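Reader: Could you take me through one part of this structure in detail? I would love a close look at a place where two helices pack together.

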Amino acid sequence: MIITGTVASGIQSPVVASAMHMPAATAMAAASSQHRYVVPPITLIDQHGRKVRLDQALAGDKPALVQFFFTSCTTICDVRSAQLVAAAPQLLKANIDIGFYTITIDPDRDTPERLLAFSRQFGTPPPNWHLLTGSDANIRQVQAAFNASDPSADKMMHEPLTFIRGGEGQPWRRIDEIVTTSELVKQIKEDVALAH
């Protein structure tokens, strides 16, 4: 495991700041580490009702980002989702075609229809943002594969984990806390550069 540190310089996106209902965050350091995860061969359902075979979606040379969330979250999930929406055009401008995979940890409540409504509260959702639900067993299997299970079983206690893979053959970068949009974009660009 390789431990690295990055420094975040405050929230850059007005979308994120408004989602937080607070002014820009102060500087903070975010720890990250690299891991090899084996994505299980399970099928989830996206916000449009389409089946997504997760191991296939996350394979290949296309960069990917994975986060866990739930739509009724009253703390960090809105902020992190707004960051993805704000990051998407910046990455597109840098010619980075990355898939965002946001997986609910409350599949009983988070139906495809609810996921779609959630995504629209941030404006027009980017086409590369896949909000996923499925059976409780499949969701738990994905969390376990990413070492993101919460032993408390209290979804309000889930960690703000972000997983980034820059391309085929690359390890996953695990970021263990919230970072700003600019730091997220910077980290994705660095990981994609390492893959090429």
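Author: Happily; here is a walk from the whole chain to one helix pair and the core around it. Please keep in mind that this is a predicted model.

Let us begin with the setting. The chain holds six helices and nine strands, and 51% of its 196 residues count as buried. If we take contacts between residues at least 6 apart in sequence, 75% of them join residues at least 24 apart.

Now to the pair itself. Helix 3 packs against helix 6 (residues 181–195) at an angle of about 50°, and their axes lie 9 Å apart. Oblique is the term for angles that are neither under 35 degrees, nor over 145, nor 65 to 115, so helix 3 is oblique to helix 6. The crossing of these two helices is right-handed.

Which residues make the contact? Helix 3 brings Gln 83, Leu 84, Ala 86, Ala 87, Gln 90 and Leu 91, while helix 6 brings Thr 181, Leu 184, Val 185, Ile 188 and Lys 189. By type, that contact has seven nonpolar residues, three polar and one charged.

Ile 188 is a good one to follow further. The largest nonpolar core has 48 residues, and Ile 188 and Phe 146 are those with the most contacts inside it. Helix 3 (residues 77–93) gives the most to this core, seven residues. Leaving aside residues up to four places away in sequence, Ile 188 touches Leu 65, Leu 91, Ile 96, Ile 98, Phe 100 and Ile 164. One of these, Leu 91, is also part of the contact that helix 3 makes with helix 6.

Conventions
Residues are numbered from 1 along each chain as its sequence is written. This is a predicted model: local features need pLDDT of at least 70, side-chain atom pairs count only at pLDDT 80 or more; totals for chains, interfaces and linings use all residues. Side-chain values use heavy atoms; hydrogens and water are left out. A nonpolar core is a set of buried Ala, Val, Leu, Ile, Met, Phe, Trp, Tyr and Cys residues joined through side-chain atoms within 4.5 Å. Buried means under 20% relative accessible area, exposed over 50%, partly exposed in between (1.4 Å probe, protein chains only). Helices (H or I, at least four residues) and strands (E, at least two) are DSSP runs, numbered from the N terminus. Contact means heavy atoms within 4.5 Å. Axes are lines fitted to C-alpha atoms, for helices over the stretch in contact, and angles run from 0 to 180 degrees between N-to-C directions. A crossing is left-handed if the near helix is turned anticlockwise from the far one by less than a right angle, and right-handed if clockwise. Ala, Val, Leu, Ile, Met, Phe, Trp, Tyr, Cys and Pro count as nonpolar, Asp, Glu, Lys and Arg as charged, and the others, Gly among them, as polar.
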